[in-house]
Amino acid sequence: MIKITGLKKSFGDLQVLKGIDQHIKKGEKVVVIGPSGSGKSTFLRCINLLEVPTEGEILIEGENITDPKTNVNKIREKMGMVFQQFNLFPHLSIMDNITLAPVKVKKMPKEQAEKRAKELLEMVGLGDKADAYPAQLSGGQQQRIAIARALAMDPDIMLFDEPTSALDPEMVGEVLQVMKNLADAGMTMVVVTHEMGFAREVASRVLFMDEGIVMEEGKPDELFSNPKNERTQSFLSKVL
Amino acid sequence: MSILEKLYATFIFEERWRWFVSGLGYTLLISLFAVLLGLVIGILMALMRLSKNKILKAISGVYIDVIRGTPTMVQLLIIYYIIFAPVAIPKWIVGVIAFGINSGAYIAEIVRGGILSINVGQTEAGRSLGLTQAQTMMSIVMPQAMKNILPALANEFIVLIKETAVIGMVSNIDLVGAARKVQSLTYDFAVPLLSIAVIYYVVIKILSLGLGRIEARMRKSDKR
């Protein structure tokens with residue numbers, strides 16, 4: 001589903017990604033962990049071209065998105081992204097936040113988009129918030145809305161960029177629960193996070209990134225209980 | 001002549017107050033339409049300035065640079081005596097065009113600042129949902145930017161009310177023109193000039209107070 005070969009990314013002189021090869025299959029839940037500055041967010045942002053790779057190839061469902069001729073917007077329709085800072089649109093109601101893209105991009109009739117939005121709001125447990133504005137909601141609620149907004153485009157892949165890092169501790173659980181439900185429903189997910197419990201429970205594969213490369217990867221049981229790489233061992237000893 | 005007689009000659013005799021009313025009307029009319037024209041030009045120029053296209057960027061750069069680097073009065077004279085010389089066109093419209101073009105350069109910078117003040121995460125969220133750059137700008141960034149710059153735009157309108165006084169170089173339809181008409185009949189400078197100073201001051205005071213209230217209310221609604 002996602003095939004990445006030789007992915008490199010530099011910002012000026014600073015090389016953040018130094019060559020990543022990954023094949024993410026349909027239905028896989030890949031959790032990316034690693035110290036800050038290891039390039040994990042950049043890696044995720046390259047997948048939907050919020051960062052343009054300096055070198056390498058990314059194929060999404062067989063389409064080469066690094067080819068300048070590819071229609072980036074079409075590719076992005078297939079991928080939902082959830083940000084650390086939620087990035088809800090503060091000038092729009094929750095309903096409009098969710099229906100904006102389906103109506104503008106997919107040309108979905110407004111009624112149909114609203115019906116779908118209500119279903120999604122129920123799914124994330126916020127069925128009564130359709131008329132509220134983002135500033136009226138807590139961080140955890142905003143992040144759940146952001147997930148619903150991404151799902152409204154009916155994506156094949158969901159990307160999560162540290163979705164719980166900006167939340168108060170008591171709100172982390174509600175967001176992770178929504179993500180867990182999504183994983184159980186079979187969504188292909190790539191999640192950058194510091195929540196090791198979530199990685200252990202949900203991931204089909206964990207990638208440990210450091211210094212711009214994937215240092216170690218494996219099933220969560222193996223990687224967490226028996227890390228082979230020295231860097232992984234030292235990182236896990238600090239966070240677990 | 002006593003001060004009362006001077007006031008009588010300025011305002012009451014031959015219903016001269018009508019000139020001041022009509023003058024103030026034209027001053028406000030020109031300012032309002034000029035700020036609207038300036039807004040259209042300003043948004044266009046700001047978007048060009050922020051675009052990746054080097055030619056568009058250069059055009060708006062030169063426009064803003066030239067307009068801000070030359071006196072408003074000179075711009076008005078050029079537009080009236082050179083550009084619109086061959087055509088008969090109402091003078092207040094010439095004023096709207098001249099002050100609109102002038103104001104556009106300042107509003108462009110206001111709009112540019114407004115757009116840049118919106119967190120880049122908003123654009124990324126829009127783009128990640130599949131919206132094009134133009135759709136993201138129109139539906140997400142612009143509405144927020146415009147709300148943020150509304151006070152600055154209202155302030156630009158107030159500034160224009162004072163600036164439009166230079167239209168007296170080509171016409172006497174505005175408030176200054178009313179004073180000059182009276183002055184040419186009564187040979188009295190003090191009363192008409194001090195009178196329009198008071199009128200300008202009162203109108204601008206009322207508008208600034210109103211603007212202050214609207215700003216306070218907007219700040220409150222942001223906290224909801």
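Which residue is the bridge partner of Ile33(A) in β9(A)? In this predicted model, that partner is Phe208(A). The pair belongs to a longer match-up, since strand β3 (residues 29-33) of chain A runs parallel to strand β9 (residues 205-210) of chain A, with 4 bridges between them.

Strand β3(A) also has a partner in strand β8 (residues 188-192) of chain A, again in the parallel sense and again over 4 bridges. Here Val30(A) sits opposite Val190(A) of β8(A). As for solvent, β3(A) sees little of it: 5 of its 5 residues are buried. The cover extends to both faces of the strand, with Lys29(A), Val31(A) and Ile33(A) buried on one side and Val30(A) and Val32(A) buried on the other.

Chain A also has an open, antiparallel sheet of 4 strands, in the order β2-β1-β4-β5. The edges are taken by β2 (14-24) and β5 (63-64), each with a single partner strand, so one side of each is left without a neighbour in the sheet. Further in, strand β1 (residues 2-11) and strand β4 (residues 55-60) of chain A pair up antiparallel over 5 bridges. One residue pair to look for when tracing this on screen is Thr5(A) with its bridge partner in β4(A), Glu57(A).

Then there is the meeting of the two chains. Chain A puts 25 residues into the contact and chain B puts in 17 residues. Between them the chains bury about 1,800 Å², and 59% of that is on carbon and sulfur atoms. On the chain A side, the residues that lose the most area to chain B are Asn73(A), Phe89(A) and His91(A), which together make up 26% of what that side buries.

There is some polar chemistry across the interface too. The rule picks out 1 salt bridge between chain A and chain B, and in it the side chain of Arg45(A) meets that of Glu124(B) at 2.6 Å, N to O. Residue pairs in polar contact across the interface come to 7, counting pairs with both residues at pLDDT 80 or more. The elements of chain A that give two or more residues to the side touching chain B are α2 (72-77), β6 (79-82), α3 (94-104) and α5 (139-151). By residue type, that side of chain A splits into 14 nonpolar, 5 polar and 6 charged.

Two residues of chain A that touch chain B are worth a look up close. Phe89(A) lies in the loop between β6 and α3 of chain A, and at 0% relative accessibility it counts as buried. Beyond its sequence neighbours up to four places away, Phe89(A) touches Asn97(A), Leu100(A), Pro134(A) and Arg149(A) in its own chain, plus Gln122(B), Ala125(B), Gly126(B), Leu129(B) and Ile140(B) across the way. Of these, Leu100(A) is 11 residues from Phe89(A) in sequence, with 10.0 Å between the two C-alpha atoms.

The other residue is Glu77(A), placed in helix α2 of chain A. Is this charged side chain's residue buried or exposed? Glu77(A) has a relative accessible area of 14%, so it counts as buried, the cut-off being under 20%. Setting aside neighbours within four places in sequence, Glu77(A) makes contact with Val105(A), Lys106(A), Met153(A) and Pro155(A) from chain A, and with Gly130(B) from chain B.

How values were computed: Residues numbered from 1 in each chain as written. Chains lettered and ligands numbered in written order. Predicted model: local features only at pLDDT ≥ 70, side-chain atom pairs only at ≥ 80, totals over all residues. Heavy atoms only, no water. Contact = heavy atoms within 4.5 Å. Buried area = accessible area lost by both parts, 1.4 Å probe. Salt bridge = Lys/Arg side-chain N within 4 Å of Asp/Glu carboxyl O. Polar contact = N/O pair within 3.5 Å; in protein donor to acceptor, adjacent residues only side chain to side chain. Nonpolar A, V, L, I, M, F, W, Y, C, P; charged D, E, K, R; others polar. Buried < 20%, exposed > 50% of the residue type's maximum accessible area, 1.4 Å probe, protein only. Pairing = 2+ DSSP bridges.
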